[in-house]
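Please open the model in the viewer and keep the sequence panel visible. The tour below proceeds by selections, each followed by an account of what is found there.

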Amino acid sequence: MARRQRSPRRSADLAWFITAPLALVTVIWSTALSILIDEPVGEWLIAAILLLVMVVTEGSMLHFVIRRQSFGVTITEIPLVLALFYLPPLMVVVVYTLASLITQVRRKLSPAKFWFNVAKTGAATSLACMLLLGLPPMEGVGPGTWGILFAAVSTITLATLAAVAGVITLVHGWQAGREMIRTAAPNLITAAVNVSVGLIVLIALVTTWWSVVLIGALVGGLLFVYRSYAQFFRQHRSLAGMYDLTRAMSESQDGAIADAMLGRVRALMQAEYATLWLPAQGRHPEVLLTARVDDPGLLDFARTPSLVRERAVGQRRTIAAGNRLGGEESLRVALRAGSAKDVIAVPLRSGQAVIGSLEVVNRLSDSSHFLPSDVQIFETIAAHVAVALENSRLVDRLRHDAHHDGLTNLPNRRRITAALEEAVRVRAPGEVIAVLLFDVDALRQVNESLGHAAGDKVLTEVATRLRDSAPAAALVGRLGGDEFAVTLRVESADAALELAAQLREQIRDQMVFDSLVLDVDTVVGVVVHPDHGSDPATLLQRVDLAATAAKSTPDGIQLFNPALESRSMHRLGLAGDLRNALDNGELEVYFQPKVTLGERRLVGVECLARWEHPAHGAVAPEDFVAVAEHTGQLSRLTEAVLREGLRRSRDWTDAEHPLAVAVNLSSRTLTDPHFPARVQELLTEYGVAPELVTFEIKEAGVLDGTDRPVPILRRLRDIGVRLSVDDFGTGYSSLSHLRRLPVNEVKVDQSFVQGMATDPVDLAIVNAVVTLSQQFGLAVVAEGVESELTLELLQDIGCEIGQGFLFSRPLPYERLEAWFGAQAESETPLAPDVRRLRAVPATGAENWPSGVRRPAGI
């Protein structure tokens, strides 16, 4: 923190330029008094008594602090009135000067201040006594005597005030001297009151010396009342200061607590310096700030000896050292080395931890020192300061956490949205606001294979690379999960695409974790304002669509275009129509046969949902299934397909041709604890044997790296239904993972089956899946069988069951029955419930081109 301009500050030795003339004046005028007065020496007993009273009253001074100096209000005027009345002028000068000398010796002042105070007392008193010589002599205690005594005491008071103002101006500058004079009015009033009291005492003593008894009793009572009042006043002042300090800290803005607090702490403790020290902690740097009586701002240094602070923080206790505080000798040596007279250092605590220290150095004025009672007050102040600082840091931490990701410490979605809103509002002409969404590919497989700790390391490394590689003006944040966003101003959409390619290449570099080397890739969606949206919500929605589409592009980068949103909007519009279709039974169930490859015997059918929308025509299954998942209608859709499959299975069983049915399950269904009980109810309702029902779950749903689906799978197995892993091979799971799951069947994905005839790698994959599955006791179904060559290859490697366009496409129930009758060839040796099929292409609405992947469905 830059140091601010200080007030003029000079050495206290400059006071000798005023002390010497005052001493000379005292000598000259005292000599003149001794010459001009016939009897310069009065009663020694009275002089001794008044000397004792003056010493006592001088020691009872009430101090007022101006800058680093203090001046006081005493009741010395009372014995001074008596001295001026009972003693000769020269004797008054000697007694009053001697009383000041004794008082200064008791205060242990520096030589410059010591002799200044003695010299000013002698000069002021000798001046007043010279004035007395020019006034009529005092007779009795009437008004004339009152005026003479008022004039003499006022001369002493004004001369003392002028001398003090002069030395303060010389040492601290004219502003300090002016301030001292401006605040002197209460002292003048107090002096006048003291003179009045002195006159009353004088009248009583002149009347009778027995009044000393009454005066002594009155003084004792007043002293008792004064001490009680002084204690109450100090407590009230401390409470008022504490309240002001607490309110100022509570109302201060974040990061401004030190500014609001240190000056008030210094004033409350009447210290020359107040210092706050906080060590570096997390995002917060080290803080060392000091409030000084002569400076309006905060300084970046401390007068506290380092040994004191180290002891306070290291020993976790208050350290105090000084003339009235005692303390270890090593601490007092450190104080003297640092030109400090006393210090209090209190550790700031937050629970059991020490978060810093609060320190005060030097009680203002050389005649004052910190007392043990001040230590208790300062400890109370430090407790309030510690709470305020911790609350401030807690608020700052909560605000930071509210706008930053906990794992990567990057700005989160809320912070990115706010930054986008600000950027959109102040966009300059000729530039666009680009949003780049990086979706980390295959993070789930890292979690499954190496654990979530490895996945967190990948995310942290991606965040670091993005932060290091992105332009300095870019905001890099984490939207959540495996999605990172980069926002910045660029010249055009082409510049945004070029930057996306560069950053993607930086992330694609190998990541080394201990002994592991991972290849992690990302896909990038790009949108720009104003072309693709005028508000943050729209931009973030559309960049997410672009990132999803980027997974299907060769370079992994996709700039948003309206066609991407049309499909999303299409799905959104289907939500209400799907609910009506389920209510009205408008969804159909198609059936695709499963056949043994050797004998081409029909062993079951897969049930697939189809929807003919009255306005949009045929709706792709992946569209309405996604709509059902996101609108809470998935359970109804699944139950509708299952009911139709069970009804047809019951009909086939009643016709003495039992046929197994397979129904696809979503991974969300495997988290529904009520689903197994519902399956049991439907099996009972339709009277279908459980072994005639197979539930097919995609590999990503059953092998998600967790054990969440296992309880539901085991409950379904206990019912007696069969479980199948669909589209096996599209994920990154190994067959060994299947050993811990209660599944009966594996369906090899059609992408591998269809490539067997032309790609040796696909052939090897299918061969491995079939061989290992059979060793684990699992049945294997090959999807996508579309040619005789593929059929022969599957037979050669031992696969027993197939499904595909070679046998039949999915058919509605009526056409399936007609297809059964037209294609089945009854053979007497076969059991009556076995149907042998020959491969004849079907015709009609389900004529899908050869080689095209069949639509997904429930």
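Two strands are said to pair if DSSP finds at least two bridges between them. Helices (H or I, at least four residues) and strands (E, at least two) are DSSP runs, numbered from the N terminus. The model is a predicted one, in which local features need pLDDT of at least 70 and side-chain atom pairs count only at pLDDT 80 or more, while totals for chains, interfaces and linings use all residues. Residues are numbered from 1 along each chain as its sequence is written, and side-chain values use heavy atoms, with hydrogens and water left out.

**First stop: strand β9**

Select residues 432–440, which make up strand β9. With β11 (residues 483–490), β9 runs antiparallel and is joined by eight bridges; Leu-436 stands opposite Val-486 there. Now add residues 522–529, strand β14, which also pairs with β9 in the antiparallel sense over eight bridges. Here Val-435 stands opposite Val-527.

Buried means under 20% relative accessible area, exposed over 50%, and partly exposed in between (1.4 Å probe, protein chains only). Nine of the nine residues of β9 are buried, so the strand is largely enclosed by the rest of the structure. On one side the buried residues are Val-432, Ala-434, Leu-436, Phe-438 and Val-440, and on the other Ile-433, Val-435, Leu-437 and Asp-439.

**Second stop: helix α11**

Move to residues 306–315, helix α11, where Val-308, Arg-309, Arg-311 and Ala-312 are buried. These residues cover an arc of only 160° around the axis, which puts them on the same side of α11; the arc is that of the directions from the helix axis to the C-beta atoms. On the face turned away from them, Glu-310 and Gly-314 are exposed. Just after the helix, Arg-316 takes a positive phi of about 55°.

**Third stop: aromatic pairs**

Rings of Phe, Tyr and Trp (its six-membered ring) pair if their centres lie within 6.5 Å; planes under 30 degrees apart count as stacked, over 60 as edge-to-face and the rest as tilted. The whole structure holds nine aromatic pairs. Select Phe-591 and Trp-652, an edge-to-face pair at 6.0 Å centre to centre with 75° between the planes. Phe-591 belongs to strand β16 (residues 588–596) and Trp-652 to helix α21 (residues 634–654), so the pair ties together parts that are 61 residues apart in sequence. Phe-591 is buried at 0% relative accessibility, and Trp-652 is buried at 3%.

Next, select Trp-611 and Phe-624, also edge-to-face, with 6.1 Å centre to centre and 85° between the planes. Trp-611 lies in strand β17 (residues 602–613) and Phe-624 in helix α20 (residues 621–630), so this pair joins parts that are 13 residues apart in sequence.

Return to Phe-591 and Trp-652 and add Tyr-813 and Phe-820: ring pairs link these residues into a cluster.

**Last stop: the largest nonpolar core**

A nonpolar core is a set of buried Ala, Val, Leu, Ile, Met, Phe, Trp, Tyr and Cys residues joined through side-chain atoms within 4.5 Å. Which residues of the largest core touch the most other members? Of its 76 residues, they are Trp-652, Val-693, Phe-695, Leu-716, Val-721 and Leu-794. Apart from this core lies another, of 35 residues, including Leu-51 and Ala-152.

Finally, select residues 710–719, helix α24, in which Val-710, Ile-712, Leu-713, Leu-716 and Ile-719 are buried. Gly-720, just after α24, has a positive phi of about 115°.
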